Each structure stands twice: as C-alpha cells, then as structure tokens.
Amino acid sequence: MPLLLAPVGQEVKIVKIVADDKTKKHLSNLGVLVEGTITVLSTSGGSAVCRVKDGRLALDRMVASRIYVA
C-alpha cells in the first residue's frame, strides 16, 4: 500500500520505492530505504509527516504516493 494509506502511529516496513535514481538517492540520504521502517505521524492535505530513525520528515503527496509499505 502507498505510504499515504498507512495507519497513523504504526511502524511499517518500506517494500518498494518507485522513483527516479536522483529521488531514490535523496530519500536514502534521509534514511528512507527499502527494507527500512517508517512511522506515519500525521497526514493532512495529501502530505505526510513521518518518523524515520530519530528524526521527522515531511513528504509531499507525490513522493509519499511512490513509497510502498507493508
């Protein structure tokens, strides 16, 4: 399921990122990696605020819809 549909407050595993190489590299630098975990803290207006490792990250609708989690 896309990250935007993930339950708020539950840690989920990233299974696939559908993006170009530049975006994948940028996300990996931020700690968003396939096989990694991410927690959605809130979603509003199509964007998502997530916890990755010990930090918070805001993802816009376009990027969040390309990150698939289980």
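## Val-69 and the nonpolar core

Val-69 is in contact (heavy atoms within 4.5 Å) with Met-1, Pro-2, Leu-3, Ala-6, Val-12, Lys-13, Ile-14, Val-15 and Ile-38, where residues up to four places away in sequence are not counted. The model is a predicted one, in which local features need pLDDT of at least 70 and side-chain atom pairs count only at pLDDT 80 or more, whereas totals for chains, interfaces and linings use all residues. Residues are numbered from 1 along each chain as its sequence is written, and side-chain values use heavy atoms, with hydrogens and water left out.

The largest nonpolar core (buried Ala, Val, Leu, Ile, Met, Phe, Trp, Tyr and Cys residues joined through side-chain atoms within 4.5 Å; buried means under 20% relative accessible area with a 1.4 Å probe, protein chains only) has 17 residues, and Val-69 is among those with the most contacts inside it, as are Leu-3, Val-32, Ile-38, Leu-59 and Ile-67. At least two residues of this core come from each of β1 (11-17), β2, β3, β4 and β5 (67-69), strands being DSSP runs of E with at least two residues.

## Strand pairing

β1 and β2 pair (at least two DSSP bridges) in the antiparallel sense over three bridges, and Val-12 stands opposite Ile-38 in β2. β2 and β3 also run antiparallel, joined by five bridges, with Thr-43 opposite Ala-48 in β3; these two strands form a hairpin with two residues between them, and Gly-45 in the turn has a positive phi of about 65 degrees.

## Positive phi outside glycine

Glu-35, in the loop between α1 (21-29; helices are H or I runs of at least four residues) and β2 (37-44), has a positive phi near 80 degrees.

How values were computed:
Buried < 20%, exposed > 50% of the residue type's maximum accessible area, 1.4 Å probe, protein only.
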